[in-house]
Amino acid sequence: MFKIAKSFRFDAAHRLPLHKGKCKALHGHTYEVVLEFAAEDVDQKMAPTCGMVLDYGDIKTGPIAMIMKYMDHATILQESDPLTEVLLGPRPRAGHCGPNEYPLREEHGVAPALVGLPVKVYVLMDPPTAENLAKEIHGLVRAWLRDDNSPRGGYVHLAKVKVKETADTHAEYAG
Ligand SMILES: [Zn+2]
């Protein structure tokens with residue numbers, strides 16, 4: 001078994017409305033994310049990625065670029081958080097509130113009072129803890145791996161995603 005990992009950072013705001021302490025207030029972090037990939041074997045002769053689990057450059061231009069587009073300098077909120085409606089405005093939410101539904105203001109609009117302001121919101125079903133962010137990012141990266149255009153998609157799996165919220169804490173998700 002081969003394993004590789006690539007890390008990156010992004011800045012975002014979040015809050016946990018049900019938290020008993022200060023995390024219920026809107027605040028920000030520089031998140032550090034580690035993506036760990038594994039493969040039983042590597043192609044040693046033919047592929048452009050010969051000798052590699054994945055090309056680090058492909059990870060950067062693929063899933064990392066996608067996550068940066070959605071989450072960097074975003075406000076990450078739970079769908080049921082009243083602040084979500086304050087920022088995005090009222091909308092039907094029946095059965096859909098995933099990240100691909102309205103991650104960016106350009107695609108989905110904002111509350112009338114905020115039109116023209118650089119509002120960028122990423123909405124999760126669940127509270128935006130480091131645990132749930134790791135799970136969300138895991139889903140995004142797995143979707144990239146499963147895409148037909150993904151290099152070595154059939155041979156590589158995402159071993160785990162680690163999300164570091166502060167210098168001395170981190171959460172992991174392995175699906
Ligand atoms: Zn926090």
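## Two helices over a six-stranded sheet

Helices α1 and α4 are oblique to each other, the word used here for angles that are not under 35 degrees (roughly parallel), over 145 (roughly antiparallel) or from 65 to 115 (roughly perpendicular). Let us start with this pair and work outwards. This is a predicted model, in which local features need pLDDT of at least 70 and side-chain atom pairs count only at pLDDT 80 or more, while totals for chains, interfaces and linings use all residues. Residues are numbered from 1 along each chain as its sequence is written.

The axes of α1 and α4 come within 9 Å and cross at roughly 140°; axes are lines fitted to C-alpha atoms, for helices over the stretch in contact, and angles run from 0 to 180 degrees between N-to-C directions. The crossing of the two helices is right-handed, meaning that the near helix is turned clockwise from the far one by less than a right angle. On the α1 side, G62, P63, M66 and I67 make the contact; on the α4 side, I137, L140, V141 and W144 do so. Contact means that the C-beta atoms of two residues, placed from the backbone, lie within 7 Å.

Stepping back, the protein has four helices and six strands. Both are DSSP runs numbered from the N terminus: helices are H or I over at least four residues, strands E over at least two. Read from the N terminus, the order is β-β-α-β-α-α-β-α-β-β. Among contacts between residues at least 6 apart in sequence, 64% join residues at least 24 apart.

The strands form an open sheet with the order β4-β3-β1-β2-β5-β6 and mixed pairing. Its edge strands are β4 (121-124) and β6 (169-173), each of which pairs on one side only. From one strand to the next, the twist averages 35°. Both helices of our opening pair pack on this sheet. Helix α1 (residues 56-71) touches β1, β2, β3 (74-78) and β4, and its direction makes about 20° with that of β1. Helix α4 (residues 130-146) touches β2, β4, β5 and β6, and its direction makes about 150° with that of β5.

Now follow the pairings themselves; two strands pair if DSSP finds at least two bridges between them. Strand β1 (residues 2-14) and strand β2 (residues 27-39) are antiparallel over 13 bridges. Along this pairing, A5 stands opposite E36, F8 faces V33, and A12 has H29 as its bridge partner. β2 also pairs with strand β5 (residues 156-166), again in the antiparallel sense, over eight bridges. E36 stands opposite K160 there, so you can trace a line from A5 through E36 to K160. β1 and β3, by contrast, pair in the parallel sense over three bridges, with H14 opposite I76.

Helix α4 deserves a second look. Its 17 residues reach 24 Å from the first C-alpha to the last, close to the 24 Å expected at 1.5 Å a residue, where the expected span is 1.5 Å times one less than the number of residues. Which residues of α4 are buried? They are A130, N132, L133, A134, E136, I137, V141 and W144, and they pack against β2, α1, β4, β5 and β6. I137, V141 and W144 appear both in this buried set and in the contact with α1. An α-helix has 3.6 residues a turn, so residues three or four places apart point the same way. In the whole protein, buried residues make up 26% of the 175 residues; a residue is buried if 20 or more other C-beta atoms lie within 10 Å of its own, exposed if 12 or fewer, and partly exposed in between.

Finally, visit the loop between β2 and α1, where D41 and V53 offer a contrast. D41 is exposed because 9 other C-beta atoms lie within 10 Å. In sequence D41 and F2 are 39 residues apart, and in space 6.6 Å, C-alpha to C-alpha. V53 counts as buried because it has 24 C-beta neighbours inside 10 Å. Setting aside neighbours within four places in sequence, V53 is in contact with F2, I4, F37, A39, V42 and V156. One of these, F37, is 16 residues from V53 in sequence and 7.4 Å away in space, C-alpha to C-alpha.
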